[in-house]
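Trainee: I would like a close look at the sheet and at what is packed around it. Please take me through that part slowly, then place it among its surroundings.

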Amino acid sequence: MSELTQELKAKIITQLNLEDLTVDDLDDHTPLFGDGLGLDSIDALELIVMLDKSYGIKLSDPKEGRKVFETVQTMADFIEANRK
Amino acid sequence: MIKPIYIHGSGCISIQPTFEAGYFFDALTSYAQNPVPALDPDYKAFIPALQLRRMNKSMRMALFASRLAMQEAGITSIDAVITGSGLGCLRDSERFVEHLRAEEGSSLNPTPFIQSTHNMAAAALALSLGCKGYNMTYVNNANSFESALLDSLIYLAEHPTETVLLGGVDELGERTPQFWDIAGYLKHEGAEIPTPLDDRTPGEIAAEGAIFFIASQQQSYQTLGKVLAVETRLEVDNPPAFIAEFLQRNGVSTDALDAVMLGCNGDARYDGIYRTLGDTLFADLPQVAFKHTLGEYDTVVAAALFLVLGIFQHQHIPQTLLLNEVSSRTLQRILIYTQRRGQNHSVILVEK
């Protein structure tokens with residue numbers, strides 16, 4: 001799991017151009033949206049595309065995204081449970 | 001007749017350190033490459049990191065140059081945004097098309113799609129400055145900035161109390177320069193900045209930049225100069241006649257000009273147009289070049305206006321830009337004439 005969270009952090013930083021962040025700066029439990037990392041709705045779309053491209057997971061219910069993209073840890077849990 | 005517009009502030013990002021306070025072309029940064037990317041200022045000085053991360057280079061350059069212009073003009077808000085861009089946000093356009101091809105139309109990343117349009121820089125400016133007014137982008141090849149300038153003249157004639165953020169921006173792509181090369185646009189032999197203007201080799205040095213101005217119909221102590229008239233023409237059979245007629249229509253003779261700024265770029269195929277003008281219509285005027293230091297792109301003519309305003313302010317033409325030995329006692333009225341690849345001719349009349 002730790003390997004997956006590290007991989008996810010690297011992908012998030014690259015995909016969302018978080019130029020000032022490193023993998024070490026990003027905590028597994030930091031909220032990605034709102035008061036945490038401050039991501040927005042376009043970032044959510046980027047994350048949906050990333051899940052599809054990198055892990056073959058399509059989010060069929062957009063409301064599901066709110067829970068899935070809460071933290072790096074929730075994303076990793078979701079990927080572990082759903083990846084093909 | 002349209003009234004002149006006054007320019008109160010200017011900002012320029014280019015392949016020279018034009019964004020540095022006090023820089024005025026007395027020393028040039030040299031390059032031996034083609035294309036040449038613009039120098040990056042510390043964008044974070046004006047743009048929050050969270051916004052910056054998603055901005056492509058056009059948006060970054062436009063926002064930074066705009067902030068410089070606003071800072072110089074001493075204003076914090078504007079009423080309208082009018083920009084020109086020949087090719088828009090080229091990198092994101094390329095990324096979008098490449099994703100489209102690679103993914104066969106599925107799983108497309110939203111950011112390059114959203115930011116692939118020509119008016120993205122103007123939109124980013126409006127969002128960043130909270131400007132809900134008129135927002136227009138002109139896409140007319142090498143006359144894109146001139147079209148934005150003409151619209152600014154018209155807009156301010158209709159809205160005389162408003163202030164306009166006017167500018168031009170173009171960025172280099174990653175793949176597009178390869179297509180330009182295949183089309184024979186790019187210079188190979190002697191591809192350097194400053195580009196030798198007595199060169200006999202074909203091609204231009206591709207570059208990028210953003211140049212923005214604050215314009216209104218009110219003159220103030222901040223005023224850097226005023227634009228009296230602008231005219232564009234796609235095809236011109238006889239450039240000297242085109243320019244002479246423009247001057248006549250605006251009641252100015254060549255004797256009343258203090259200098260002329262020409263768009264020579266070292267492309268042997270088209271620089272003859274400027275040489276002919278330099279030997280005839282403008283033989284008795286100081287002739288100033290700018291593209292040999294800034295490279296070529298669709299909206300680089302906006303940098304000529306930036307330079308003219310600098311010349312007014314300094315009352316001096318940098319030696320690095322002079323094409324001849326003629327000098328002028330005062331520098332109060334300058335004509336800008338450019339064309340690109342024999343097309344998109346334009347003239348801009350500027351006064352201190």
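Mentor: What follows starts with the sheet, moves to the helices on it, and ends with the partner chain. Keep in mind that this is a predicted model.

Start with the strand order. Chain B has an open sheet of ten strands. Read across, the order is β3-β2-β4-β5-β1-β6-β10-β9-β7-β8. The pairing is mixed. In general, strands of a sheet pair through backbone hydrogen bonds, and they may run parallel or antiparallel. At the edges stand β3(B), residues 135-138, and β8(B), residues 287-289. Each has a single partner strand, so one side of each is left without a neighbour in the sheet. From one strand to the next, the twist averages 25°.

Now look at the join between β1(B) and β6(B). The strand β6(B) covers residues 225-233. The two strands run antiparallel and are joined by three bridges. One residue to pick out is B:Ile5, whose bridge partner in β6(B) is B:Val227.

Next, the helices. Helix α2(B), residues 57-73, lies across β1, β4 and β5 of chain B. Its direction is at about 135° to β1(B). Helix α6(B) also packs on the sheet. It touches β1, β2, β3, β4, β5, β6 and β10 of chain B. Here β2(B) spans 80-84 and β10(B) spans 343-351. The direction of α6(B) makes about 155° with that of β2(B).

Now set the sheet against the domain division. Chain B is split into domain 1, residues 5-216, and domain 2, residues 226-351. Their C-alpha centres lie 21 Å apart. The contact takes 49 residues from domain 1 of chain B and 36 residues from domain 2 of chain B. Which elements supply the domain 1 side with two or more residues? They are β1 (5-13), α6 (144-158), β4 (163-170) and β5 (209-216) of chain B. Of these, α6(B) gives the most, with seven residues. By class, this side of domain 1 of chain B has 25 nonpolar, 16 polar and eight charged residues. So keep α6(B) in view: the helix packs on the sheet, and it gives the most residues to the domain 1 side of the contact.

A record adds a label here. An unreviewed UniProt entry lists residues 43-171 of chain B as "domain: Beta-ketoacyl synthase-like N-terminal". That span is 50% helix and 13% strand. Its end C-alpha atoms lie 16 Å apart.

Two loops of chain B deserve a stop. B:Pro35 is in the loop between β1 and α1 of chain B. The peptide bond leading to it from B:Asn34 is cis, with omega near 5°. B:Pro194 is in the loop between α7 (176-182) and β5 of chain B. The bond from B:Ile193 to B:Pro194 is cis, with omega near -5°.

Then the partner chain. Eight residues of chain B are in contact with twelve residues of chain A. On the chain B side, α1 (49-52) and α4 (110-114) are the elements that give two or more residues. That side has three nonpolar, three polar and two charged residues.

Chain A carries its own record. UniProt, in an unreviewed entry, lists residues 2-83 of chain A as "domain: Carrier". The span is 57% helix and 0% strand, and its end C-alpha atoms lie 16 Å apart.

Finish with a helix pair in chain A. Helix α1(A) runs over residues 2-15 and helix α4(A) over residues 72-82. Their axes come within 9 Å and cross at roughly 115°. The crossing is right-handed. From α1(A), the contact is made by A:Leu4, A:Thr5, A:Leu8 and A:Lys9. From α4(A) come A:Val72, A:Gln73, A:Met75, A:Ala76, A:Ile79 and A:Glu80. By class, the contact has six nonpolar, two polar and two charged residues. Last, check A:Asn17, in the loop between α1 and α2 (41-55) of chain A. A:Asn17 is not a glycine, yet its phi is positive, at about 50°.

Conventions. Residues are numbered from 1 along each chain as its sequence is written. Chains are lettered from A and ligands numbered from 1 in the order in which they are written. This is a predicted model: local features need pLDDT of at least 70, side-chain atom pairs count only at pLDDT 80 or more; totals for chains, interfaces and linings use all residues. Domain bounds come from an automatic or database domain assignment. Two residues are in contact if their C-beta atoms, placed from the backbone, lie within 7 Å. Helices (H or I, at least four residues) and strands (E, at least two) are DSSP runs, numbered from the N terminus. Ala, Val, Leu, Ile, Met, Phe, Trp, Tyr, Cys and Pro count as nonpolar, Asp, Glu, Lys and Arg as charged, and the others, Gly among them, as polar. Two strands pair if DSSP finds at least two bridges between them. Axes are lines fitted to C-alpha atoms, for helices over the stretch in contact, and angles run from 0 to 180 degrees between N-to-C directions. A crossing is left-handed if the near helix is turned anticlockwise from the far one by less than a right angle, and right-handed if clockwise. UniProt positions are given in the numbering used here, feature names are shortened, and annotations may be inferred rather than shown by experiment.
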